[in-house]
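Me: Could you walk me through this fold with some questions and answers? I'd like to see how each answer is reached.

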Amino acid sequence: MAKKSHEHHDRPHRHHYDAEMLSVEEARERILSYFSVLPAEATPLVDSLGQVTSEDLVASFDIPPLANSAMDGYAVIAKDTAGASKESPVELLVTGVIAAGQLPDHALEPGNAIRIMTGAPVPENSDAVVPFEDTDELERRDAGGSSESISIHLQAETWDNVRGAGEDVEVGETVISRSQILRAGEIGLIASLGHSSVKAFRRPVVAIVSTGDELLQPGEDHQFGKIYNSNAYSIAAMVTRYGGVPKIMGIAKDTIESLEKALEDAMDADLVVTSAGVSKGDYDVVKDVLSSKGQIALWSVRMRPAKPLAFGVLDRKDGTKVPHLGLPGNPVSAMVAFEQFGRPALRLMLGKPLADKPTIEAIMDDPIRNHDGRRVYARVHAYRDGNGVYRAKLTGNQSSGVLSSMALANGLAICPDDIGMIDVGEIAIVEMLDWPDDIF
């Protein structure tokens, strides 16, 4: 892989950025200071994927509760099969059948075998199971022979194909710990202990308010000069992906009454997200209403896209407050800003560690130009070339209004704020949004 090198760009292109701008990390730290882990609640297992447990879960019984068969076959006493082979089989008397879910009704005597199904408890005295295929059962059945005995074609060793009681989980064992993120395996394990729900930190509800007279809802007839409200749906999808519950509030017109009504309906959420109206030159009604409903700060963040950002708290009627994140109106800016600031806020509320997105080092197929001293998040498609080396190419026009550049991207290639350009053939850190098949 090519060496990571930006040195020849540093002197002519190094930027001296505006000290009044916040770095991404500074803005994130300020925002996260307003959030805490949400209360826990009993969550149905089927809905708990990705949530975080709020308490330890201790097993009240063994799994499996009894020693049982790992195969369909015959429960035997291992020493009774000594020397058995296909050429020199050992014949045993069959004294019963144990199906899965049944308990044995008698102990196994020497010289005998009991037909047994996978998962069925092995009878007393049995210490091995011989699979069907290592017996002559099929031959006897095809020939219409007796099922009162069976020929064993394999010498069994003690505990062959027997799963011991408590092999999976022992009574008193802590099987799920507090602060554990629930995946399919953990959920299945909880179900195996008989629980239909789990105590977990609840999912944050995120109210999404779009603003602007120019907006139409998807599904409405197209009108010349109007644009469809894509931001609400891309942000809602991100909320869902990162563990929250989106609540699309509709479109607030550029009037005090309309925006106040939309915010009033949003106040029962854990986070209110608005899009548009956060730039210094934007229509003042948005900033005025947000400020009148609580406290709002307008920031410039040293990033591109998504330089303008608003954050604050809105006042509920009961005296409590709800955090508010004001995203830019351009669709790419809104998505990139939510990745950097909304995602960690959701993780914090969910009780998850504040882990960064995974990154790779990729050789750029296209240059990333940084003309104004902000950290650039370039939309790229990262892939492995024929030599297994990570590479990344821009996904077309990088304007913050070109939503297709996000639809085509699986990562954000980062050009630091003090680097003027990452050239073709140089390495960029790529923050992965997704892991497609061609990355593995």
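Me: In the model, which residue in E6 is the bridge partner of glycine 73?
Reply: Happy to start there, keeping in mind that this is a predicted model. Strand E4 (residues 73-76) pairs with E6 in the antiparallel sense over 3 bridges. Within E6, the partner of glycine 73 is isoleucine 116.

Me: And which residue in E6 stands opposite valine 97?
Reply: Here the pairing is that of strand E5 (residues 90-98) with E6, which is parallel and has 4 bridges. Opposite valine 97 in E6 stands arginine 115.

Me: How many residues of strand E6 are buried?
Reply: Buried means under 20% relative accessible area. Strand E6 (residues 112-116) is mostly covered by that criterion, and of its 5 residues the number buried is 4.

Me: Which strands stand at the edges of the sheet with the order E7-E4-E6-E5-E8?
Reply: This is an open sheet of 5 strands with mixed pairing. Neighbouring strands are turned by 40° against each other on average, direction ignored. An edge strand has a single partner, so one side of it is left without a neighbour in the sheet, and that applies to strand E7 (128-131) and strand E8 (149-152).

Me: Let's move to the sheet of 6 strands; what is its strand order?
Reply: This sheet is open too, and its pairing is mixed. Its edge strands, each pairing on one side only, are E15 (245-252) and E17 (294-300). Neighbouring strands are turned by 20° against each other on average, direction ignored. The full order is E15-E12-E16-E20-E19-E17.

Me: Which residue in E19 stands opposite serine 300?
Reply: E17 and strand E19 (residues 308-315) run antiparallel and are joined by 7 bridges. One of the facing pairs is glutamine 295 with valine 313 in E19. For serine 300, the residue opposite in E19 is proline 308.

Me: Which glycine takes a positive phi in the hairpin of E19 and E20?
Reply: E19 and E20 pair in the antiparallel sense over 6 bridges, with aspartate 315 opposite lysine 321 in E20. The hairpin has 5 residues between the strands. The positive phi, near 95°, belongs to glycine 319.

Me: Why is E19 described as largely enclosed by the rest of the structure?
Reply: The reasoning rests on burial, with the cut-off at under 20% relative accessible area. E19 is largely enclosed because, of its 8 residues, the number buried is 6.

Me: At what angle does helix H5 run to E15?
Reply: Helix H5 (residues 231-241) lies across strands E12, E15, E16 and E20. Helix H8 (residues 331-350) also packs on the sheet, touching E12, E16, E19 and E20, and its direction makes about 155° with that of E20. For H5 and E15, the angle is about 165°.

Me: Which element gives the largest share of the largest nonpolar core?
Reply: That core has 41 residues, and Ile235, Leu325 and Phe338 are among those with the most contacts inside it. Several elements supply at least two residues each, including H2, H5, E19 and strand E25 (411-415). The largest share, 11 residues, comes from H8.

Me: How many residues does the other core have?
Reply: Phenylalanine 338 touches Ile235, Val273 and Leu325, among others. Apart from the core described above lies another, with Ile360, Cys415, Ile419 and Ala428 among its members, and its size is 17 residues.

Me: How far apart are the axes of H2 and H8?
Reply: H2 passes H8 in a right-handed crossing. Residues of H2 including Val24, Ala27 and Ile31 meet residues of H8 including Phe341, Pro344 and Leu348. By class, the contact has 8 nonpolar, 1 polar and 1 charged residues. The helices pack at about 35°, and their axes are apart by 10 Å.

Me: Is proline 331 buried or exposed?
Reply: Proline 331 lies in helix H8 and touches Ser230, Asn231, Ser400, Gly401 and Leu403, not counting residues up to four places away in sequence. The cut-off for burial is under 20% relative accessible area. At 13% relative accessibility, proline 331 therefore counts as buried.

Definitions and conventions:
Residues are numbered from 1 along each chain as its sequence is written. This is a predicted model: local features need pLDDT of at least 70, side-chain atom pairs count only at pLDDT 80 or more; totals for chains, interfaces and linings use all residues. Side-chain values use heavy atoms; hydrogens and water are left out. Two strands pair if DSSP finds at least two bridges between them. Axes are lines fitted to C-alpha atoms, for helices over the stretch in contact, and angles run from 0 to 180 degrees between N-to-C directions. Contact means heavy atoms within 4.5 Å. A nonpolar core is a set of buried Ala, Val, Leu, Ile, Met, Phe, Trp, Tyr and Cys residues joined through side-chain atoms within 4.5 Å. Buried means under 20% relative accessible area, exposed over 50%, partly exposed in between (1.4 Å probe, protein chains only). A crossing is left-handed if the near helix is turned anticlockwise from the far one by less than a right angle, and right-handed if clockwise. Ala, Val, Leu, Ile, Met, Phe, Trp, Tyr, Cys and Pro count as nonpolar, Asp, Glu, Lys and Arg as charged, and the others, Gly among them, as polar.
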